[in-house]
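User: I'd like to learn how to read side-chain contacts and internal cavities in a model. Could you walk me through this one?

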Amino acid sequence: MVAGIPRKEGMERKDVMSKNVSIYKAQASALEQHAAADCKVLVVANPANTNALILKEFAPSIPEKNITCLTRLDHNRALGQISEKLNVHVSDVKNVIIWGNHSSTQYPDVNHATVALSNGQKPVRELVADDYWLNNEFITTVQQRGGAIIKARKLSSALSAASAACDHIHDWVLGTPKGTWVSMGVYSDGSYGIQPGLIYSFPVTCDKGEWSIVEGLKIDELSREKLDKTAQELIEEKTLAYSCI
């Protein structure tokens, strides 16, 4: 789903909410009437999480597990930042996580990420050996990359978003490699204390066309704060979206 009123420079995401709510109500009713019951839906247009939520609400016959939104672009950007910092190939970095909203409150988390070296997998945090950079500049660069692209080209991401959409669908349909997870915006089942029913980006593994949230990851105090902050923004977006219906 790429239809949406795009955000342009100087526009807040909330500025475009009411227009997008009407688009996604219409798309939902079209899916409800005509789509296969087992179709898979990926929402790309912003605000992606809340657009997917509206779609889920108004297309009740499509299983909620089949409606997702794109945070793989942010995930790929996080991998890119780490590979550049460590001067390693991006395919050797894995298991970063994008938590929450596809917005500037998202939390790019490297606490469980690793790099494949000749002597085995090593933790990203240990290799970077610069907690200040990882907890500050790394996070803000990934969070604000979309805005930087809009500023540079006066339009939002194009090819990188398309490439990330291909990655998302590829892994969802064909599965993630063993020991590797990816970030997908999916409905919350209450995992990690996130309000059930929100469309929230979690670490997931995929197998046989089904995604599953990676459970049991240790969440430190800094991470907890950031997970809750982005969840709060999604709760506010949900309230705003419902007021537009």
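**Serine 157 and the cavities**

Analyst: Let's start with a polar contact, a pair of N or O atoms within 3.5 Å; within protein, one must be able to donate a hydrogen and the other to accept it, and residues adjacent in sequence count only if both atoms are side-chain atoms. Here the side chains of serine 157 and arginine 77 make one, at 2.8 Å. This is a predicted model, where local features need pLDDT of at least 70, side-chain atom pairs count only at pLDDT 80 or more, and totals for chains, interfaces and linings use all residues. Residues are numbered from 1 along each chain as its sequence is written, and side-chain values use heavy atoms, leaving out hydrogens and water.

User: Where does serine 157 lie?

Analyst: Serine 157 is in the loop between α7 (145-153) and α8 (159-174); helices are DSSP runs (H or I, at least four residues), numbered from the N terminus.

User: How many cavities are there?

Analyst: Rolling a probe the size of a water molecule over the atoms shows where empty space is left. On a 1 Å grid over the protein atoms alone, a cavity is a set of points where a 1.4 Å probe fits but cannot get out, and lining residues have an atom within 4 Å of a point. The count is two cavities of 30 Å³ or more, with a volume being the space filled by probe spheres set on the points, joined across faces, edges and corners. The largest has a volume of about 40 Å³.

User: Which residues line the largest cavity?

Analyst: Its lining consists of Asn49, Thr50, Leu53, Leu198, Ile199, Leu234 and Lys238. α2 gives the most, with three residues.

Terms used. Helices (H or I, at least four residues) and strands (E, at least two) are DSSP runs, numbered from the N terminus. On a 1 Å grid over the protein atoms alone, a cavity is a set of points where a 1.4 Å probe fits but cannot get out, and a pocket is an open set with protein on both sides within 12 Å along at least five of seven lines; lining residues have an atom within 4 Å of a point.
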